[in-house]
Amino acid sequence: MKKEEIVMSNTGPSNTGPSNTGPSNIGVTEQEPATSTPTAAEAGSRGPWWSSVRALAVVTVLAVVAAVTFGVLWATDDSSEQLQALQSRLDTEAEAEAVASDYALSVSEVDFRDLDAWRTALTDGVSEQLAPKLEGAVDVVAPWLTQMEYTADARLLAAEVASNDGDTFVVQVFVDMISKSKQTPDGVAATATYTVTMDRASDWTITDVGGVGTGLPGGAAEPEPAPAPAPADGGR
């Protein structure tokens, strides 16, 4: 009887006693975080997935409302007329720049073996008052071009409307020229600048040209030598 009582006392309800702090209780404590559910604060910080979708829908609706509002305002004020006026001005300037560019490229192409073609290019599309002046310039420069066996190729760099007054448009054209002659058989690069004045009312007739002859040997645009300075008083 004494042995049985001793065995029962070792396997009895003493597991719930305060001295039962063995490894079994520690194992249970370590497994609790793995099976714990998120607290209300953690769930609230993440928020449900449908809240993001709802926020995106609100932003989309606001964007559509703003687009419709601006569209109505654009249709009811004078923005449409201003846009049409701006487009018309840009189209007109582009046409002026195209006419001036074609002319500048034509007069920049020179070949001493066919100076008549250059004369035609200079007088093509110009006014009756301007044509005789340009033909006179050809007569002055032609002997030099032939003597030096001058040729020139050109490519357009840029063209821009400098000013306009009613139907009068002034366009500046920049042309890159490669010229060759007896003195420079390998070619010389230069940039020619033309100022072309045109009248839109007369189908873009050219009424004035500046820069023709730039870089040509013996041309009118060639700089003249500066005059000698006058002697100072008492310098005799």
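Which residue in β5 does Thr197 stand opposite? Thr197 stands opposite Asp208 in β5, and I would like to build the rest of the picture outward from that pair.

Before I go on, a word on the numbers: what you see is a predicted model, in which local features need pLDDT of at least 70 and side-chain atom pairs count only at pLDDT 80 or more, while totals for chains, interfaces and linings use all residues. Residues are numbered from 1 along each chain as its sequence is written, and side-chain values use heavy atoms, with hydrogens and water left out.

Let me begin with the sheet. Five strands make up an open sheet in the order β1-β2-β3-β4-β5, with antiparallel pairing; strands here are DSSP E runs of at least two residues, helices are H or I runs of at least four, both numbered from the N terminus, and two strands pair if DSSP finds at least two bridges between them. The edges are held by β1 (110-111) and β5 (205-210), each of which has a single partner strand, so one side of each is left without a neighbour in the sheet. Helix α5 (residues 79-108) packs on this sheet and touches β1, β2 (151-165), β3, β4 and β5, its direction making about 30° with that of β3; contact means heavy atoms within 4.5 Å, and axes are lines fitted to C-alpha atoms, for helices over the stretch in contact, with angles running from 0 to 180 degrees between N-to-C directions.

Turning to β4, this strand is joined by 12 bridges to the antiparallel β3 (residues 168-180), and by five bridges to β5, again antiparallel. On the β3 side, Ser179 stands opposite Val188, and Phe174 stands opposite Thr193. On the other side, β4 and β5 form a hairpin with five residues between them, and Asp203 in the turn has a positive phi of about 60°.

Thr193 itself lies in strand β4 (residues 188-199), and, leaving aside neighbours within four places in sequence, Thr193 is in contact with Val173, Phe174, Gly210 and Gly211. Thr193 is partly exposed, at a relative accessible area of 32%, whereas Ser127, at 11%, is buried; buried means under 20%, exposed over 50%, and partly exposed in between, with a 1.4 Å probe and protein chains only. Ser127 sits in the loop between α6 (115-123) and α7 (131-148), and, not counting residues up to four places away in sequence, Ser127 touches Thr205, Ile206 and Thr207.

That brings me to the two helices on either side of the loop. α6 and α7 pack at an angle of about 155°, with their axes 10 Å apart, and are therefore roughly antiparallel to each other, a term that applies to angles over 145 degrees.

Finally, the largest nonpolar core has 35 residues, and those touching the most other members are Tyr103, Trp118, Leu122, Met177, Tyr194, Met198 and Ile206; such a core is a set of buried Ala, Val, Leu, Ile, Met, Phe, Trp, Tyr and Cys residues joined through side-chain atoms within 4.5 Å. Two or more residues come from each of α5, α6, α7, β2, β3, β4 and β5, and the largest share, six residues, comes from α7.

Notes
Parallel < 35°, antiparallel > 145°, perpendicular 65-115°, else oblique.
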